[in-house]
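Biologist: Hi! Could you walk me through this structure? I'd like to start with the aromatic residues.

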Amino acid sequence: MFPSANPEMLILGRQSRGKSQVELANRIQRSAGLISKVENGIVPATLGLVEDIATDLRYPASFFFRPERVRGSDSVCFHHRKRQAMPSKLLATVEAQMHVTQLHIKSLLSELEVQSPNGFVTLDVDTYDGSPQRVAQILRSLWRLPAGPVPDMVRVIESAGGVVVFRHFGTPKLDGLSCWAKGCPPLFFVNAEIPADRARLTLAHELGHLVMHFTPPTANPETEANEFALEFLAPAADIVPDLRNLRFAQLPGLKAKWGLSMAALIMAAGKTGAVPPSKVKSFWVLLSRNGYRTVEPFPLPSEKPSMLQRAIALHYDEHDYSVEELAALVDLLPEEFVSLYESPEEERPLSVLS
Ligand SMILES: [Zn+2]
C-alpha cells in the first residue's frame with residue numbers, strides 16, 4: 001500500500017502546466033472520466049497513474065503526495081490588470097503557478113529564521129474615513145519610510161517579510177497577482193515582461209489589496225488599490241511641489257526620481273490638483289501623439305528580489321544541499337529548479353504553455 005495522492009495537488013499540477021483534464025487524459029492514454037474521479041477524490045490514483053501523470057507534467061511523483069491544502073478559506077488572492085480578453089484558462093494557469101511557487105517558498109523558508117524589520121498588517125479602510133490614501137500614509141509610517149520617493153519597492157516588501165517573484169506569464173494581459181495564505185508569507189507574483197515602473201505600481205496596488213481587502217471589500221476594491229498605490233509610491237504632500245508648474249519636458253526626470261511612469265505622473269498631477277485640468281488634458285494629448293501611451297521611453301532599472309535567492313544560497317552553503325536535493329525539497333525536477341531559480345530572470349523559460 002502507498003499513501004494516496006492528494007487530489008488538490010493533482011489538480012494544481014495539471015493546471016500549472018495549462019492542461020485540461022481531457023488533454024491530460026489523451027496524453028497519458030486514460031479516460032477523462034478517470035482523471036476527473038481521481039481529482040475529485042472519488043477513486044484513489046494508482047501509483048502507476050500518478051507516475052504517468054508525473055512524467056507527462058514534468059513533476060517528481062512526490063509533488064502529488066504533498067499534504068497541503070492549496071486553496072482554502074484562509075487564503076486570499078488578487079489579480080491585477082487582468083485585461084478583458086484574458087482567457088480564463090490562461091488565468092487559471094498563472095494562478096496555479098503562483099500556488100506552486102507558494103509551496104516552494106514554504107519549503108525553502110520553513111527552516112530559516114527570516115528576520116524582517118517590518119511586518120504585514122491589515123487595515124480596514126472604513127476605519128480611516130474610507131480613504132485608501134490615509135491607509136497608505138499609515139502603512140508608510142508603520143514601516144518607517146522616509147518622506148519622498150520609494151527607491152526600491154521590492155526591498156520595501158521584502159523588509160516586511162513579503163516575497164516577490166518575477167515570472168514570465170507568456171501574456172501581456174496580466175501584470176501580477178498576489179496571495180496571502182495562512183502560515184505563508186504574502187506572495188507577489190509579477191509578470192517579468194512588464195516595464196519596471198509598471199512592476200512597481202503593480203506591487204503597490206497588490207500591497208493595497210493585501211492590506212485593505214483581507215476581508216471581502218465593500219466599495220470598489222480596484223479603485224481603492226489604485227489610490228493606495230499612488231499615495232504609497234508618491235505621497236501627495238511630497239510630490240505636489242515637483243508637479244507645480246509642470247512642463248512636459250520635465251516628465252522623464254520626474255519618472256527617474258519617483259519611479260513612476262510618465263502617465264502615472266500626469267495622473268498624479270491631475271488628482272492632486274497641482275496642475276489645472278486643461279493642462280493635464282494637453283499632457284495626455286502629447287503623450288499619445290508621441291506614441292508614449294503604447295511604449296513609454298526612459299525605462300527604469302528593474303528591481304531585484306533577494307529573499308528566496310538568499311534562502312537558496314543558505315541551503316547550498318550552510319546546509320550543504322546539492323541541486324538535486326534542493327529540487328527534491330521543493331518537489332521539482334532539477335532542471336526546472338535551475339531554470340526557475342538560478343538563471344537570470346530574463347532567461348527564465350515559461351514552462352507551462354507548451
Ligand atoms: Zn487589483
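Biologist: Is Phe232 buried or exposed?

Modeller: Phe232 is buried, with a relative accessible area of 0%. Buried means under 20% relative accessible area, exposed means over 50%, and partly exposed is in between (1.4 Å probe, protein chains only). Bear in mind that this is a predicted model: local features need pLDDT of at least 70, side-chain atom pairs count only at pLDDT 80 or more, and totals for chains, interfaces and linings use all residues. Residues are numbered from 1 along each chain as its sequence is written, and side-chain values use heavy atoms, with hydrogens and water left out.

Biologist: Thanks! How many aromatic pairs are there in the whole structure?

Modeller: The search finds 13 aromatic pairs. Rings of Phe, Tyr and Trp (its six-membered ring) pair if their centres lie within 6.5 Å; planes under 30 degrees apart are stacked, over 60 edge-to-face, and the rest tilted. Phe120 and Trp180 make one edge-to-face pair, at 5.7 Å centre to centre with 65° between the planes.

Biologist: Where do those two sit in the chain?

Modeller: They link distant parts of the chain, 60 residues apart: Phe120 is in the loop between α5 (88-109) and α6 (132-142), and Trp180 is in strand β3 (residues 176-181). Helices (H or I, at least four residues) and strands (E, at least two) are DSSP runs, numbered from the N terminus. Phe120 is buried at 14% relative accessible area, and Trp180 is buried at 15%.

Biologist: And which residue does Trp143 pair with?

Modeller: Trp143 pairs edge-to-face with Phe232, 6.3 Å centre to centre and 85° between the planes. This pair also links distant parts of the chain, with Trp143 in the loop between α6 and α7 (153-159) and Phe232 in helix α9 (residues 221-233), 89 residues apart. Trp143 counts as buried too, at 4% relative accessibility.

Biologist: Which residues make up the aromatic cluster?

Modeller: Phe120, Trp143, Trp180, Phe188, Phe214, Phe228 and Phe232 form one cluster.

Biologist: Switching to β3: why is it largely enclosed?

Modeller: Six of the six residues of β3 are buried, so the rest of the structure largely encloses it. Gly176, Ser178 and Trp180 cover one side, with Leu177, Cys179 and Ala181 on the other, all buried.

Biologist: What does β3 pair with?

Modeller: β3 pairs with strand β4 (residues 187-191) in the antiparallel sense, over four bridges. Two strands pair if DSSP finds at least two bridges between them. Gly176 stands opposite Val190 in β4.
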